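Visitor: Could you take me through this structure and explain how the terms used for it are justified?

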Amino acid sequence: MNIFLVGPMGAGKSTIGRLLSTELDLPFFDSDKVIEERAGANIPWIFDVEGEAGFRDRETAVIADLTCQNNIILATGGGAVLKSENRSYLKERGSVIYLKTSVELQIERTRKDKNRPLLQTEDPTQVLQKLMDIRDPLYQEVCDHVVTTDKRNPKLVVSEICRVLNI
Ligand SMILES: Nc1ncnc2c1ncn2[C@@H]1O[C@H](COP(=O)(O)OP(=O)(O)O)[C@@H](O)[C@H]1O
Ligand SMILES: O=C(O)C1=C[C@@H](OP(=O)(O)O)[C@@H](O)[C@H](O)C1
Ligand SMILES: [Mg+2]
């Protein structure tokens, strides 16, 4: 059984994915990390040199590959749901959990991390709200379960994921 985590920046996909993989003793993959490994460069460099379009092409190639595996935990990047082919790979090849998170907490949890190019702006709150307006329907479309992360520490989020998946 594959478990794929989707949701906005700061939802905890990378953090929860790693904890969940330990809990379930399954391999963990973070699509952002695989993208960086394959590119030999970090995400800000990819956005800077290849643009968001170049990053999205890399993201689709990685998601297509990783979702072909079995019994993995995959943390996607927040924009993975933008492309319909990515949504198809995710929906058809595993159980998709949407880590729903308020914009306020997205801001609080991403404030210190400068590795998110889309948030290096004057008003990250406005950016995140706009992204949620576009992406929440896509997260909802692709997911099998919605797990709220507000007011839950990572361990409680992991427990809730296990509960909704009956594992
Ligand atoms: N449920 C949670 N409660 C509090 N902090 C969290 C929670 N989930 C993640 N975090 C913290 O938020 C930050 C962003 O988490 P991360 O896993 O990078 O999110 P994403 O991969 O969805 O962008 C990290 O510092 C992480 O420790
Ligand atoms: O929301 C997005 O478009 C992005 C989210 C990031 O991943 P996280 O959601 O893990 O921060 C990363 O893929 C890139 O900066 C783009
Ligand atoms: Mg992440």
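Visitor: What makes Gly10, Lys13, Thr15, Arg116 and Arg152 residues around ligand 1?

Guide: A residue is near a molecule if one of its heavy atoms lies within 4 Å of it, and of the 14 residues around ligand 1, these five come nearest. This is a predicted model, in which local features need pLDDT of at least 70 and side-chain atom pairs count only at pLDDT 80 or more, while totals for chains, interfaces and linings use all residues. Residues are numbered from 1 along each chain as its sequence is written, chains are lettered from A and ligands numbered from 1 in the order in which they are written, and side-chain values use heavy atoms, with hydrogens and water left out.

Visitor: Why is the pair formed by ligand 1 and the side chain of Arg116 called a polar contact?

Guide: A polar contact is a pair of N or O atoms within 3.5 Å; an oxygen atom of ligand 1 is 2.9 Å from an N or O atom in the side chain of Arg116, so the pair qualifies. A backbone N or O atom of Arg152 likewise lies 2.8 Å from a nitrogen atom of ligand 1, which also meets that limit.

Visitor: How do you know which classes make up the shell around ligand 2?

Guide: Asp, Glu, Lys and Arg count as charged, Ala, Val, Leu, Ile, Met, Phe, Trp, Tyr, Cys and Pro as nonpolar, and the others, Gly among them, as polar; on that basis the shell around ligand 2 divides into five nonpolar, three polar and five charged residues. Lys13, Asp32, Arg56, Arg116 and Arg135 are the closest to ligand 2, and by the definition they count as charged.

Definitions and conventions: Polar contact = N/O pair within 3.5 Å; in protein donor to acceptor, adjacent residues only side chain to side chain.
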